[in-house]
Amino acid sequence: SGIPKRRVNSENREEEKSKDYCESYIKTTSLEGKEQFSLTKTLNLISERTTMSKLSYNLIFFIVFLCLGLRSSAFSNLNTLSFEESLSPLFGDGNLVRSPDDLSVRLLLDKYTGSGFISSNMYQHGFYSSMIKLPADYTAGVVVAFYTSNGDVFEKTHDELDIEFLGNIKGKPWRFQTNLYGNGSTHRGREERYRLWFDPSKEFHRYSILWTPHKIIFWVDDVSIREVIRSEAMGADYPAKPMSLYATIWDASDWATSGGKYKANYKYAPFVAEFKSFSLDGCSVDPIQEVPTDCSDSVDFLESQDYFSINSRQRAAMRRFRQRFMYYSYCYAEKDRFKDTGRLKFGGTEARGRRSNRRQQRPEIESDPDERRRLLK
């Protein structure tokens with residue numbers, strides 16, 4: 001979110017609750033063996049006939065998404081809004097620059113301040129989406145966040161859903177992470193970190209968060225990258241109170257890139273993140289009103305949209321994305337087990353690199369075509 005946060009491990013007394021949550025989450029994100037086999041067979045055939053490079057692999061990954069029949073209609077009929085209709089400046093004054101037609105906004109970070117905006121209303125569940133283009137060149141220490149929160153209203157019991165983009169040194173790719181909190185459970189954050197299969201500084205891509213009483217889905221373009229289905233094991237950790245949408249750019253030099261090893265360098269400032277094609281659907285509410293708003297019609301609308309459902313082919317693509325591009329997760333999802341450290345144990349060069357260099361910060365992970373070919377087998 002827009003305020004720097006230090007990541008901390010869960011305390012021992014909460015490990016059992018976290019384990020239950022993870023096991024419940026694992027069950028909801030499983031893939032039927034037949035679908036997994038079919039996709040693996042396709043990728044194996046491609047890999048056997050192709051000399052793999054970083055560029056060619058990402059191209060193949062994109063082609064496979066197309067072959068899986070991902071529904072472009074999921075985001076083709078969104079109700080987009082102007083800045084004035086749905087959003088308000090949050091901080092940064094002159095570092096928030098609205099376009100003349102009010103359909104896009106640029107958030108700037110310089111040595112004096114970052115910037116951000118907030119939705120004009122709070123929503124009891126909703127769909128939050130924007131096309132975003134990230135800063136280019138050297139971006140170490142820079143964080144661009146697109147998230148929902150109610151921390152200003154419920155300081156000690158706040159809920160939050162995060163998409164945070166983590167900058168990098170020149171020549172290294174952006175990373176991003178998703179996270180969710182419920183009822184102030186920041187010490188039990190459900191963080192996952194990923195690489196992207198494209199350069200997010202070259203052109204706009206759509207990033208979306210769906211939040212309903214029953215599930216949460218994070219989307220990148222038409223690709224569902226994470227789904228969390230509500231279960232009894234989550235208890236109050238599932239976000240349930242009205243939230244606002246936020247977007248911010250800020251200096252997180254103390255943790256964002258290699259655990260704080262690389263800092264923001266203002267020789268490259270201003271760092272500019274661009275937002276456009278805003279979409280906000282949900283039940284607008286006043287969180288402190290005495291009579292609760294009936295949001296059943298709004299929830300019915302959200303659950304009738306294409307972005308609420310993930311078909312079998314999309315689920316196969318989501319699993320493949322998570323296998324290829326997720327390099328950190330709070331939950332250890334293989335074989336329904338949970339590790340106290342919360343780190344996934346991947347094979348190949350990534351795992352060997354971590355074992356040989358145990359540092360406090362999270363390691364930088366390089367794309368390795370040979371390792372990827374092994375994982376396809």
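1. Contacts of S244. In this predicted model, S244 sits in strand β14. Setting aside neighbours within four places in sequence, S244 touches I118, S119, N121, M122, Y147, T148 and S149. S244 is buried, at 6% relative accessible area. That value falls below the 20% cut-off, so the term buried applies.

2. Y147 and Y246. One of the contacts of S244 is Y147. Y147 also forms a stacked aromatic pair with Y246. The ring centres are 5.0 Å apart, and the planes differ by 10°. Y147 belongs to strand β7 and Y246 to strand β14. The pair therefore links distant parts of the chain, 99 residues apart. Both Y147 and Y246 are buried.

3. Y138 and Y268. How many aromatic pairs does the count give? The count comes to 18. Among them is the pair of Y138 and Y268, which is stacked. Here the centres lie 5.1 Å apart, with 15° between the planes. Y138 is in the loop between β6 (122-133) and β7 (142-149). Y268 is in the loop between β14 (244-251) and β15 (271-285). The pair thus ties together parts that are 130 residues apart in sequence.

4. Buried or partly exposed? The question applies to Y138 and to Y268. Y138 has a relative accessible area of 13%, so Y138 is buried. Y268 has 27% relative accessibility and counts as partly exposed. The reason is that the partly exposed class runs between 20% and 50%.

5. Aromatic cluster. Eight residues should be viewed together: F165, F176, Y194, W197, F198, Y207, F321 and F325 form one aromatic cluster.

6. Charges over rings. Which ring lies under the charged end of R175? The ring is that of Y327, with its centre 5.3 Å from the charged end. K241 provides another case: its charged end sits over the ring of F154, 5.4 Å from the ring centre.

7. Hairpin of β3 and β4. Strand β3 (residues 96-98) and strand β4 (residues 104-109) run antiparallel. Three bridges join them. R98 has V105 of β4 as its bridge partner. Five residues lie between the strands of this hairpin. D102 takes a positive phi there, near 65°.

8. β4 and β15. Strand β4 also pairs with β15, in the antiparallel sense. Six bridges make up this pairing. S104 has K276 of β15 as its bridge partner. When inspecting such strands, recall that side chains in a regular strand alternate between the two faces of the sheet.

9. The disulfide. How many disulfides does a search of the whole structure find? The search finds one. The bond joins C283 to C295, with an S to S distance of 2.0 Å. The torsion about the S-S bond is about -75°, so the disulfide is left-handed. C283 lies in strand β15. C295 lies in the loop between β15 and α5 (296-302). The pair therefore ties together parts that are 12 residues apart in sequence.

10. Burial at the disulfide. C283 is buried, with a relative accessible area of 7%. C295 counts as buried too, at 9% relative accessibility. Both labels follow because buried means under 20%.

Technical notes
Residues are numbered from 1 along each chain as its sequence is written. This is a predicted model: local features need pLDDT of at least 70, side-chain atom pairs count only at pLDDT 80 or more; totals for chains, interfaces and linings use all residues. Side-chain values use heavy atoms; hydrogens and water are left out. Rings of Phe, Tyr and Trp (its six-membered ring) pair if their centres lie within 6.5 Å; planes under 30 degrees apart count as stacked, over 60 as edge-to-face and the rest as tilted. Helices (H or I, at least four residues) and strands (E, at least two) are DSSP runs, numbered from the N terminus. Buried means under 20% relative accessible area, exposed over 50%, partly exposed in between (1.4 Å probe, protein chains only). A charge sits over a ring if NZ of Lys or CZ of Arg is within 6 Å of the ring centre and within 35 degrees of the ring normal. Two strands pair if DSSP finds at least two bridges between them. Contact means heavy atoms within 4.5 Å. A disulfide is a pair of cysteine sulfur atoms within 2.5 Å.
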